[in-house]
Structures are given as C-alpha cells and as structure tokens.
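This report examines how one protein chain is packed and how its charged side chains pair. The sequence and the structure are shown below.

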Amino acid sequence: MLPMAGTPVLAAPAKLMDRIHPAFYVIVWISLSSAVIIFNKWILDPKTTNFPIFLTTWHLVFSCVATQILARTSTLLDGRKAVKMTGKVYLRAICPIGLFFSLSLICSNKAYLYLSVSFIQMLKATTPVAVLIAAWTLGVESPNLGILKKVTFIVIGVMIASYGEILFDASGFIFQVFGIGFEAVRLVMVQRLLSSAEFKMDPLVSLYYFAPICAAMNFMLFLIFESSSLGVADLLRVGWPTFLLNALVAFGLNVSVVFLIGKTSSLVLTLCGVLKDILLVCASMVIWGNPVTLLQFFGYSIALSGLLYYKLGADKISEQYAHLRGLGFNTRSLSNRRLGIGAASLFTVMVLGTMYHGQYPTRDVASMGTQASYSPSRFIPNNRVSRDRLDIVISMFQENTQTIHDQVVEILSLPQLSNLETKVIVYSMDKTADMVSLLKETGADAAESIPNIGRENGAYLHHILKQWDNLADHTLFIHPDFEDFNDVKARIEDFFLPSTGMLSLGFGHAECLCDECHDPWALADTWSRVPQIFSAVYGEICPSTNILLSYGSRFIVSLKRIKGTERHVYQHLKEVLESDEKHWIHQDERQPGMDDDPQSPYFGHALERSWMIIFKCSEVRLVKSCPKLGTRRKMEDWDDFCQCLDTE
C-alpha cells in the first residue's frame with residue numbers, strides 16, 4: 001500500500017454511498033489488507049514456489065493497467081489533475097522513491113519464504129521506529145528525545161518477541177529488516193516530496209504515478225535473479241486464475257484505502273492497522289499452525305502498547321476530535337469500544353496462543369534413557385505418506401559397475417520392494433565415464449555426470465535440489481564403496497515400512513553434546529560445524545543436550561522428512577560444501593590426518609554425521625536400542641526400534 005499525505009481528492013459520492021456506514025469501509029479494508037498478506041504467504045510457499053520478485057512485478061503491472069483504465073472510466077483518479085507533475089520531478093523524485101518501493105516489496109515478499117506471518121507482523125511493529133530514524137538521518141525532522149522514549153517500548157517489545165520466536169530464520173529476519181528499512185526511507189522521501197500542497201496525493205493517485213517505474217525496476221531485477229529458474233511449469237502450478245485473483249485483491253486494497261480515509265479519518269486507519277496486526281497473528285496460528293510462545297505474547301504486547309502510544313498520542317486524538325464528531329461518533333463510546341475491541345482481541349490471541357503452544361513442545365523425553373531429543377512431529381508436515389515409489393540414488397566415482405549392478409538387483413529383490421515403482425539414478429563424479437556404457441553396465445534407469453566435488457554428500461544434495469518437485473515417496477541414498485552390504489540389505493528387510501521416516505544404513509548410531517560435538521567414533525576429534533548445521537535446520541540455537549549422529553552416508557528417507565527441512569537449507573549446505581579454497585569454511589582447524597580439498601572437503605565429514613539432524617530424526621534412544629548396523633530385529637521389537645517413523 002502506498003502512502004498518502006493530506007486529505008485525498010475524491011469526487012462527490014453518490015447518495016447511496018452516503019448511506020453506507022463507515023464501519024463497512026473499516027471491515028473491507030481490514031479484510032483486504034489481511035487477505036493480501038495471507039494470499040501472498042500462501043502463494044510464496046517455499047516448498048512449491050520461490051519467485052517473490054515475479055509476484056511483485058505482476059502486482060505492479062496489473063496496477064499500471066488498472067489505474068490507467070480507472071483514470072479513463074471513473075472519477076477515482078481525478079485527484080491527479082491537482083498534481084503538478086513534470087518530467088523533471090518524475091525523474092528526480094518519483095524514480096528514486098520507486099526504487100526503494102521495489103526493494104521494500106521484494107524484501108518483504110522474500111521474508112514470507114522463511115518466516116511465519118505472525119513473526120513478520122511482530123517485526124512490522126518497528127516500522128514507526130525505522131521511519132523516525134530515517135527522518136532524522138535525511139534531515140526531514142529534528143531528533144526529539146520525547147519521541148525516542150515512546151518508540152523505545154516498540155524496540156524492546158520486538159526484541160523480546162524475536163528472542164521468543166520458535167521458527168526463527170536468520171535469512172528471513174534479515175530480509176524483513178531490510179524491507180522495513182527500505183520502506184522507511186521511501187516513506188520519508190514521499191513525505192519530503194509531498195510536503196508542498198501541489199504534490200498531495202491519495203494512495204490511488206500515488207499508485208498511478210509510482211506503479212510504472214516500480215514495475216520496470218522490478219522486471220529488471222526479475223530478469224537478473226529469477227528468470228533463469230522460473231519456468232512455465234512453476235506458473236501453471238499456481239494457475240493464472242490464482243494470479244489474477246491475487247492481483248485483484250492487492251489492487252482492491254489500494255482502492256479501499258481511498259474510501260476508508262475519505263469516509264473516516266487517518267486516526268481510524270491507524271486503529272484498524274493495529275487491530276489487523278492482532279487478527280493476522282491469530283489467523284496465522286489457525287491457518288498455518290505457527291507457534292507463538294508466551295514470551296512472544298509478552299514482547300508483542302509491549303510493542304503494541306508502544307505503537308499505540310506513539311501513533312495515538314493525546315495530540316493526535318485532539319486533532320481528530322472535530323472530525324470524529326462530524327461523523328456522528330460519540331467520543332466516549334468510541335474510546336470504550338476501542339478499549340473493548342483491543343482487550344477482546346488480545347484475550348483471543350492469548351487463548352489461541354496457549355492452545356497452540358501446547359502442540360509444539362521444544363523437547364520430548366526419549367523412551368530409553370534420560371537425554372532429551374527433539375520431537376519429529378513438531379517439524380514434519382502432517383501429510384499422509386504414500387509408499388508408491390522408491391528412488392535408489394547412487395553416488396559413484398570409479399567403482400566397479402558390475403558390483404553396483406548386482407547390489408541393486410539384490411536390493412530390488414527384497415519382498416518389501418516388490419510392489420513399489422522403483423527407479424535407479426546414478427550420479428557419476430568421474431568426468432571420463434561414458435554415460436551410455438554406465439547405464440548399460442549398472443542397469444540404472446538414469447545416469448548423470450556431475451563435478452567431482454563434495455563426495456557422496458554433494459551428489460545427495462544435488463539430487464534433492466534438482467528433483468525437489470519430483471522426489472519419490474522414499475529415497476534410498478547409497479554409495480557403492482562398502483563391505484557390509486549384507487548388513488545393509490538385512491536392515492532394509494527388517495525395518496523398511498510405509499511409515500519409515502529416516503532409516504540409517506550407516507555403521508551405527510551415536511550421540512554427542514550439540515553445542516560441543518566430539519566425534520563418538522573418535523573422541524579426540526571435535527566437529528565444530530555440527531552445532532551450526534543444527535541451527536540451520538531447526539532455526540534455533542544448539543541446546544546443551546545430546547543429539548543423534550550416524551556414521552556413513554547411507555540411508556532411506558521419506559519425502560516428508562526431506563521436505564520437513566526448508567529447501568534453502570539444502571541450498572546453503574551445498575554452497576558451503578562445494579565452495580572453493582577462498583571460502584571461510586576452509587579456515588577451520590582440521591583433525592590430524594584429514595585433508596581439505598574440493599573433492600573431499602573437511603566440512604563433508606561433519607555433514608556426513610549430521611544427516612539424522614538434517615532429516616530431524618534426533619531420537620537419542622536409537623543409540624541404545626540400535627547401536628550398530630548389524631542389529632537384527634526380534635519378534636518383540638517395535639517398528640521404530642532402529643528408525644524414526646513419520647507420524648500420521
């Protein structure tokens with residue numbers, strides 16, 4: 001939504017419009033404002049779509065067309081006739097503002113890929129603070145200690161809410177902070193531009209002037225950052241009717257602002273904005289199940305109180321007194337009504353938060369031992385597992401192709417796999433290999449040559465990212481250089497089920513302290529990057545409890561488990577794993593006797609032991625129940641004796 005200054009220039013409303021109660025415009029604005037945020041969050045699901053710049057560009061192109069049509073067919077844009085716009089003003093003022101507007105929209109939409117709606121709304125409470133700082137920096141306003149004291153409450157509240165955020169992601173937080181910063185600079189620049197009477201514009205007229213330049217800038221950014229990865233299939237997955245409806249809702253929001261300001265006041269708009277933020281926090285908890293902790297409630301309450309104090313001080317209320325009486329509102333009843341709505345909304349948030357807080361435990365105690373582990377049901381989407389398809393992914397270099405062929409045949413002959421649709425994919429890191437011969441000799445269904453970087457971990461990450469939208473219900477990841485094949489086959493035969501989430505086929509399970517991880521198989525070695533891998537996956541600081549590791553990069557994992565971790569986490573791990581010698585990861589102190597080069601990076605050893613963490617199977621009970629690969633299942637053993645199961 002674009003800013004406005006002064007009272008918008010509107011055509012004389014029709015008699016029918018006069019009879020509509022102002023509450024109708026309030027409800028429409030809150031509904032459309034919330035709908036835009038929820039709609040964008042739904043479209044920008046990181047598991048299906050990842051093109052926030054394109055979405056923003058589409059909104060702006062639609063706004064360009066819509067405002068041009070309205071300018072020629074209605075009186076809604078007659079206010080533009082009072083604006084003294086010239087080519088020089090447009091180039092020197094509108095274009096820079098358009099740039100910051102584009103950057104703000106892009107960063108804000110990017111944040112939806114990483115953060116919950118509830119947390120984003122909490123962070124947006126700091127916007128007045130950012131605007132104030134930007135105004136002081138650009139010299140639009142003079143520093144004021146009294147105002148600084150008011151906004152301090154907002155900063156403190158958001159800091160508390162940020163600390164208590166369960167689904168915290170550093171990338172999303174940074175995008176949102178930059179989005180707020182760009183928005184603050186834009187608003188101050190608009191304020192400076194519109195300070196003279198000849199440039200006062202309502203939001204719809206502002207959109208008329210800003211949309212074309214913003215659309216052009218966003219389109220250039222789209223060509224640079226997203227055009228190569230966005231295909232027709234991605235657009236068809238969402239559907240053009242959905243895109244059209246999304247743009248209509250976004251444009252309808254700008255139109256509703258004009259009517260809301262015209263029929264009420266900017267004070268009412270401010271109150272509606274605070275109420276909308278509260279309702280959005282509730283909605284995100286109900287729709288997406290975003291957890292909101294009691295600490296977040298406490299912090300958000302402080303931030304909201306500070307926001308109300310900053311926006312709705314006694315001076316502003318006094319300024320609007322005459323206008324409110326002109327609308328027929330009783331001041332005392334309005335105050336009581338406002339307090340009642342606020343109290344009821346906060347009470348609703350507290351009740352819902354308490355309910356949802358109980359569904360997202362931070363720890364659960366394992367059935368064996370006293371060490372705590374992370375509950376897989378908290379992180380894995382509750383979608384039903386379908387055991388229709390199994391992909392066997394093999395990472396190889398120059399191993400014997402006949403051995404690979406024989407091992408695959410034996411695995412496929414297991415009774416549990418007889419009714420599955422299976423596909424064998426070989427990733428060869430030998431640049432001299434003949435792919436045609438490799439396919440024939442291994443009996444694989446597909447083969448691909450990839451760079452010899454990162455060993456088998458690099459091949460696994462390559463497959464996950466490339467096949468993200470076409471992953472099998474279960475995937476078996478193996479590399480052929482092992483002598484315990486019979487134990488691997490026995491583990492699959494004993495434990496592979498339709499509900500299998502993560503089944504390690506490595507040498508065994510072990511545990512280490514998360515914040516100081518010593519190698520369970522070589523106690524003198526310390527893996528300093530394991531805590532950071534944990535934080536990247538879980539989005540929180542590594543606790544002082546034990547976590548589960550496995551040795552040997554061989555496992556069967558479900559689609560639910562793979563997609564239970566965000567795609568950008570895999571991308572980040574792959575970038576670090578495949579980085580050149582100049583990257584900071586190669587400055588780590590290495591264990592004696594271990595090399596560090598692109599073909600076998602030292603970071604790869606920590607990653608190899610962390611697949612249980614990556615797929616959120618951190619139940620340390622497996623260390624006692626299933627310590628070694630050779631552990632066979634007995635009749636009395638439960639299904640999860642050697643694995644993590646997906647919950648229904």
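Which residues touch the most other members of the largest nonpolar core? In this predicted model, they are M502, Y570, I614 and F615, within a core of 50 residues. Leaving aside residues up to four places away in sequence, the neighbours touched by M502 are F555, I556, V557, R561, W611, M612, F615, C617, Q643 and C644. Another core, of 30 residues, lies apart from this one; L70, C95, F210 and A215 are among its members. In soluble globular proteins, nonpolar side chains tend to be buried together.

**The chain as a whole**

The chain holds 26 helices and 13 strands. Of its 648 residues, 54% count as buried. The exposed area is about 29300 Å², of which carbon and sulfur atoms supply 60%. Contacts across the sequence can be described in a similar way: among those between residues at least 6 apart in sequence, 81% join residues at least 24 apart.

**Salt bridges**

A search of the whole structure yields 13 salt bridges. Three of them are listed here with the separation of the N and O atoms.

| Pair | N to O distance |
|---|---|
| E410 and K489 | 2.8 Å |
| D484 and R554 | 3.2 Å |
| R455 and E456 | 3.8 Å |

Which parts of the chain does the salt bridge between E410 and K489 tie together? E410 belongs to helix α17 (residues 401-412) and K489 to helix α20 (residues 485-495), so the pair links parts that are 79 residues apart in sequence. E410 itself counts as partly exposed because its relative accessibility is 31%.

The side chains of D484 and R554 also meet in a salt bridge. D484 sits in the loop between β6 (474-478) and α20, while R554 sits in the loop between β11 (546-551) and β12 (555-558), so this pair ties together parts that are 70 residues apart in sequence. Both D484 and R554 are buried. Elsewhere, E619, R621 and D640 are joined into one network by salt bridges that share partners.

Are the partners R455 and E456 buried or partly exposed? R455, at 37% relative accessibility, counts as partly exposed, whereas E456, at 7%, counts as buried. The cut-off for the buried class is under 20% relative accessible area, which is why the value of 7% places E456 in that class.

**The surroundings of T57**

T57 is part of helix α3 (residues 52-73). With a relative accessible area of 6%, T57 is buried. What does T57 touch, not counting residues up to four places away in sequence? Its contacts on that basis are A215, N218, F219 and F222. One of these, A215, is also among the members of the core of 30 residues.

Two backbone oxygens can be related to the side chain of T57. A polar atom of that side chain lies 2.8 Å from the backbone oxygen of I53, and the side chain also reaches the backbone oxygen of N218 at 3.5 Å. N218 therefore appears both among the residues touched by T57 and as a partner through its backbone oxygen, where the polar-contact limit of within 3.5 Å applies. As for S102, T57 is 45 residues away from it in sequence, and the C-alpha atoms of the two are 8.7 Å apart in space.

How values were computed:
Residues are numbered from 1 along each chain as its sequence is written. This is a predicted model: local features need pLDDT of at least 70, side-chain atom pairs count only at pLDDT 80 or more; totals for chains, interfaces and linings use all residues. Side-chain values use heavy atoms; hydrogens and water are left out. A nonpolar core is a set of buried Ala, Val, Leu, Ile, Met, Phe, Trp, Tyr and Cys residues joined through side-chain atoms within 4.5 Å. Buried means under 20% relative accessible area, exposed over 50%, partly exposed in between (1.4 Å probe, protein chains only). Contact means heavy atoms within 4.5 Å. A salt bridge is a side-chain nitrogen of Lys or Arg within 4 Å of a carboxyl oxygen of Asp or Glu. Helices (H or I, at least four residues) and strands (E, at least two) are DSSP runs, numbered from the N terminus. A polar contact is a pair of N or O atoms within 3.5 Å; within protein, one must be able to donate a hydrogen and the other to accept it, and residues adjacent in sequence count only if both atoms are side-chain atoms. Accessible areas come from the Shrake-Rupley method with a 1.4 Å probe; for residues, only the protein chains shown count as cover.
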